[in-house]
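User: Please take one part of this structure and give me a close look at it. I am a first-year student, and I would like each term explained when it comes up.

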Amino acid sequence: MAKGRELKGRIKSFENTRKITRTMEMVATSKMKRAQDRVVAARPYAAALREVIASLYDPELASQFPLLRQPATVRRAAVIALTSNRGLAGAFNANLIREARTLVERLESEGTTVDLYAIGRKGVGYFRYVGRQVAAARTDLTDRPSAQDAADIVAPAVEGFAAGTLDAVYVVYARFVSALTTPPTTDRILPVQPPEREASSGGKSSVLSSRRHDYILAPSAESILESLLPAYVRNAVYRALVETAAAEQGARRTAMKNATDNANDVINGLRRQFNRARQAQITQEIAEIVGGAAALGG
Amino acid sequence: MKTSIISPERVLFEGEVSSIVAPGFDGEVGILARHAPMVTLLGTGVLRLEAAQGGARRFNVSGGFLQVADDVVRVVTESATPAT
């Protein structure tokens with residue numbers, strides 16, 4: 001029964017694989033839940049920042065702020081491409097890399113020089129493989145990116161934009177819509193698109209309602225905006241980092257669930273083959289015995 | 001008055017307080033109930049608050065702003081950690 005033993009070995013091997021993928025699925029599920037909590041926990045800060053900037057911002061002030069500069073032509077742009085440090089997450093990193101590459105190619109076809117900031121081992125590895133120069137490469141981010149990480153990543157880009165050497169900054173990340181939907185997304189974070197005032201009762205009264213508090217401003221609307229706009233940009237990057245971290249776990253969970261399901265299918269098929277082979281052998285043995293007995297009795 | 005202390009990562013504190021002393025950009029700012037609407041930048045230092053039911057809390061904060069409106073105070077800071 002040589003065939004049976006071989007099948008048994010293969011079944012065992014698939015069962016071991018299934019054990020690993022199932023464990024990874026469970027680990028990813030629990031990590032995803034925690035990452036999702038961080039996405040939610042980051043919302044009040046973003047909302048508060050957006051609200052205050054919107055209520056202080058006046059289009060007439062725009063020319064005073066370097067971060068609101070709207071360059072007529074984009075000569076040089078920075079692209080911050082986020083990827084994960086680990087694989088086994090299905091097409092997650094491939095999708096992110098494709099999105100980043102498409103953006104870079106589009107910018108370059110428009111005659112823009114692109115500084116690429118590769119974040120995450122997968123992205124860094126890819127761009128090294130295709131021989132592309134990167135302005136910065138970071139592979140040290142954990143599953144729990146901090147606001148400080150975001151600030152460190154974006155600082156050179158903000159400086160370059162304020163100094164006028166960069167005309168646009170993009171971030172490519174995975175938006176966490178749900179555990180199953182994590183589309184690669186490109187956001188332009190500089191120049192800053194000032195948040196809109198919330199239209200409370202619609203029309204012209206919205207400006208009045210947001211001004212209704214008549215705040216005491218210290219030191220002044222201009223200085224407050226000047227200090228909050230960079231914080232707004234940093235927060236956009238922080239949000240991209242936490243959403244990508246959550247999306248990574250979501251993608252890994254899906255990939256590992258598929259792997260586990262596939263292993264189940266394969267094991268079922270192999271088991272059927274094994275049983276059929278066993279049955280065939282028994283049938284053959286009986287036929288031999290019956291044949292032998294008949295020969296003796298004949 | 002309702003107060004919340006919000007960092008980019010999470011909300012560190014939410015509740016009723018009777019007074020707050022925050023490190024403003026040019027010195028300490030004290031807030032009591034029914035303060036006029038205000039937005040002020042924060043510096044770096046220790047923020048102290050007195051909970052309505054008694055008990056003081058301290059936080060190390062750095063950057064961001066403090067907003068008072070309708071007797072609701074929001075401390076929105078770039079980094080905040082509970083201090084002992």
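Analyst: Start where the two chains meet: 23 residues of chain A are in contact with 21 residues of chain B. Two residues are in contact if their C-beta atoms, placed from the backbone, lie within 7 Å. This is a predicted model, in which local features need pLDDT of at least 70 and side-chain atom pairs count only at pLDDT 80 or more, while totals for chains, interfaces and linings use all residues. Residues are numbered from 1 along each chain as its sequence is written, and chains are lettered from A and ligands numbered from 1 in the order in which they are written.

On the chain A side of this interface, H2, strand E6 (216-218) and H7 each supply at least two residues. Helices (H or I, at least four residues) and strands (E, at least two) are DSSP runs, numbered from the N terminus. H7(A) gives the largest share of that side, seven residues. By class, the side has 17 nonpolar, five polar and one charged residues. Here Ala, Val, Leu, Ile, Met, Phe, Trp, Tyr, Cys and Pro count as nonpolar, Asp, Glu, Lys and Arg as charged, and the others, Gly among them, as polar.

H7(A) is the part to look at closely. Helix H7 of chain A covers residues 221-297, and its axis comes within 10 Å of the axis of helix H2 of chain A (residues 43-56), crossing at roughly 145°. Axes are lines fitted to C-alpha atoms, for helices over the stretch in contact, and angles run from 0 to 180 degrees between N-to-C directions. Among the residues that make this contact are Leu49(A) and Ile53(A) from H2(A), and Leu225(A), Leu228(A) and Arg239(A) from H7(A). The residues of the contact divide into twelve nonpolar, one polar and one charged.

Just before the helix, Pro219(A) lies in the loop between E6 and H7 of chain A. A cis peptide bond joins Pro219(A) to Ala218(A), with omega about 0°.

H7(A) also contributes to the largest nonpolar core, which has 92 residues. H7(A) gives the most to this core, with 19 residues. A nonpolar core is a set of buried Ala, Val, Leu, Ile, Met, Phe, Trp, Tyr and Cys residues joined through C-beta atoms within 7 Å. A residue is buried if 20 or more other C-beta atoms lie within 10 Å of its own, exposed if 12 or fewer, and partly exposed in between, with C-beta atoms placed from the backbone. Val233(A) and Val237(A) are among the residues with the most contacts inside the core. Leaving aside neighbours within four places in sequence, Val237(A) is in contact with Ile80(A), Ala150(A), Ile153(A), Val154(A), Val171(A) and Ile189(A). In soluble globular proteins, nonpolar side chains tend to be buried together.

The domain split comes next. Chain A is assigned domain 1 (2-25 + 255-292) and domain 2 (27-254), with bounds from an automatic or database domain assignment. The centres of the two domains, taken over C-alpha atoms, are separated by 50 Å. Seven residues of domain 1 are in contact with ten residues of domain 2. On the domain 1 side, helix H1 (2-41) and H7 of chain A each supply at least two residues, and H7(A) has the largest share, four residues. That side divides into three nonpolar, two polar and two charged residues.
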